[in-house]
Each structure stands twice: as structure tokens, then as C-alpha cells.
Amino acid sequence: MAGEWQERLKRIITETGGVVMFNEPLARHTSFRIGGPADAVVIIQDLNGLIRLRAGCRELGLGLVVLGRGTNVLISDQGLRGVVVKLEGEFSRIEVSGNRIRAGAGALLDRIAEAGAANGLTGAEFLAGIPGTVGGGLMSNAGAFGQSIADIVQEIELLEPDDRVRVLKRTEVRAGYRQSLLPPGTWALSVVLELKEGSGRNGKAIRAERRAKHPTEPSAGSFFKNPETMPAGKLIEQCGLKGMRVGQAAVSERHANFIVNLGSARFVEVYELIQIIKATVEEKTGVELEEEVQVLPLSGSAGVRR
């Protein structure tokens, strides 16, 4: 019975110092402000709690999805089955030692840029203003201004499917444009980044630049990966799609690679607009756009999202 699994899950979470919310609307947890309810949203504070949760979900037959700040996802209005996990507590810690920064999977990428600058280190300025978490950043090899997180990664602490913890060294990391740095089936626990002494671009200036270029309406960030030929936003704009609307979903007037929520956009409206953009760009330019934003399915398949 539904009440039984809820009680058992609640007991596990309470014993590990976490928080659980049942039938929780995911629109409250995404920057797009779109998404139906999850069976449960769980906030976990430490590794012991995470391992206990995973064991409990296996026993109860519940799927698991890790969600960071929800900045790079589009979630169905029907929501997600299973348990959505948010990593806080020890997973949000950032520690600086020499020219290296260790950050938990739940730490904000923007805070890493701040920590580097505050400690006289350069190399992480490109992360300034990126609203996602370390875990999501590793899943998408987050970057800007020609740099990506793979450029500064030294090691990644991973949780294997069997709950063993291991460290992935830099030489083992396979990096690609907006491609996951994590081996299939693993979850990121923390990362060590190597920077250099010195000062780079001013983080405040980078954040101001982002605010000036990016829309203020709710969105999931840059929606499509940039093709080799031309930035996706320019391609979309050249095809005359800036400002195009489907219901309450629209191509941003400020930056054409952003789809924005004008107030009460539904998943189906955004999804229809995605298909129109892709079809139009391919027909007019021959370029097939690929989504950078993750469209989450109805099943609770394991993964990590920003």
C-alpha cells in the first residue's frame, strides 16, 4: 500500500537527519517553474543518509533521480514517479587547500568562482553566474567563454551502483562538449578542481554580463547545444524565430537560445515549441539542433540533473 512505503521512507529519512516531502510539485524545484508532482522529494545531508536512502529505495522498488537546482531540466506536468533527491548539508561544502578546491556535489558552481577569487586563485571565473550545482555541472561538462569544468577537474569522488565509493582521476575522465564526465550508473559525491595563483576576469563583471544577455523570465538556461558552425541562438534568430510563442512558452526576445515561461507555461507547450524550432532550423539551414536541457521522463530512472 502507498501509505506503507511512505511511512517506511519517512522513517529512513528521519533517522538520517533528512527531510521528505510527499506528492511535491517539482515546479517549485526548477528554474523553469514547470513540472508536476514527484512521489517524494527527499533532502539528504550526508553520505550515510544517501546510502541508507538508496538501500531503502531498492528494497521498496522506488526509482531515484538526483536533482540539483533544477536549472537545466524540463519536467513533465505529470511529474516523476519515485524519489527525487536533493543533496545539501555536507554535499554543499567548499574547501580550499593551496591551489585546489574540493566541492561537494550539491555546492553551487557560482560559489566555486567566489571561493577561487577570495583565495587569490584563477581558473574558475567562467563558472561565475552559472546557477547549477557541481553534480549537474559534471553531468553536462558545464562551461562558458570557451572553458569547461573538465579543464580544471583533478579528481571526482563517485558513488558506484553497489554503493562503493571510488575516486576517478583526471587521466580517467573522458571529456567532450556538454558530455557527462561521469561513468554510466555512477553519482558524483564531490570534485577536486585545480586552479592557479593569480587573478582573472572579475566575477561581478561576468555575472553582470550574463544578466544583461539572458532573459529574466523563468527558463532552463541555454536550451540547445551550440553546433560547430554557429551558436544555436544565432541560428534560431536567423530563422526568424525570436519571440515565437506556443501558449505561454516563447523563444526569448533577448536571447534566442532560451525558451522562457511567460507565466503559466505547460510542458506540452514547451515541447511543441522545441519541435518547431528544431524542424525550422534544420529545414532552413540543414543544421540539426540537439537539446542541452534534459527532458525528464515519467519513470524515475537514476541520474543527476542540474
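**Charges, Fold and Cores of a Predicted Model**

Student: How far apart are the mean positions of the positive and negative charges of the protein chain?
Tutor: The structure is a predicted model. Its protein chain carries 38 positive and 36 negative charges. Between the mean positions of these two sets, the distance is 3 Å.

Student: How many helices and strands does the protein chain have?
Tutor: Both kinds of element occur in the protein chain. The count is seven helices and 19 strands.

Student: Why is the protein chain described as being as compact as a globular protein of its length?
Tutor: For 306 residues the globule rule gives 19 Å. The chain is as compact as a globular protein of that length because this value is close to its own radius of gyration, 20 Å.

Student: What share of the residues in the protein chain is buried?
Tutor: A residue counts as buried when its relative accessible area is under 20%. Among the 306 residues of the protein chain, the buried share is 51%.

Student: Which strand gives the most residues to the largest nonpolar core?
Tutor: The largest nonpolar core has 55 residues, and I112, L138 and I156 have the most contacts inside it. Five residues of this core come from the strand that gives the most, spanning residues 187-194, namely β13.

Student: How many residues are in the other core that lies apart from it?
Tutor: This other core lies apart from the largest one. Its members include F223, I236, V251 and I277. The number of residues in this core is 26.

Notes
Residues numbered from 1 in each chain as written. Predicted model: local features only at pLDDT ≥ 70, side-chain atom pairs only at ≥ 80, totals over all residues. Heavy atoms only, no water. Helix = DSSP H or I, 4+ residues; strand = E, 2+ residues; numbered from the N terminus. Rg over C-alpha atoms; globule rule 2.2 N^0.38 Å. Buried < 20%, exposed > 50% of the residue type's maximum accessible area, 1.4 Å probe, protein only. Lys, Arg positive; Asp, Glu negative; His and termini not counted. Charge placed at Lys NZ, Arg CZ, Asp CG, Glu CD. Core = buried A, V, L, I, M, F, W, Y, C linked by side-chain atoms within 4.5 Å.
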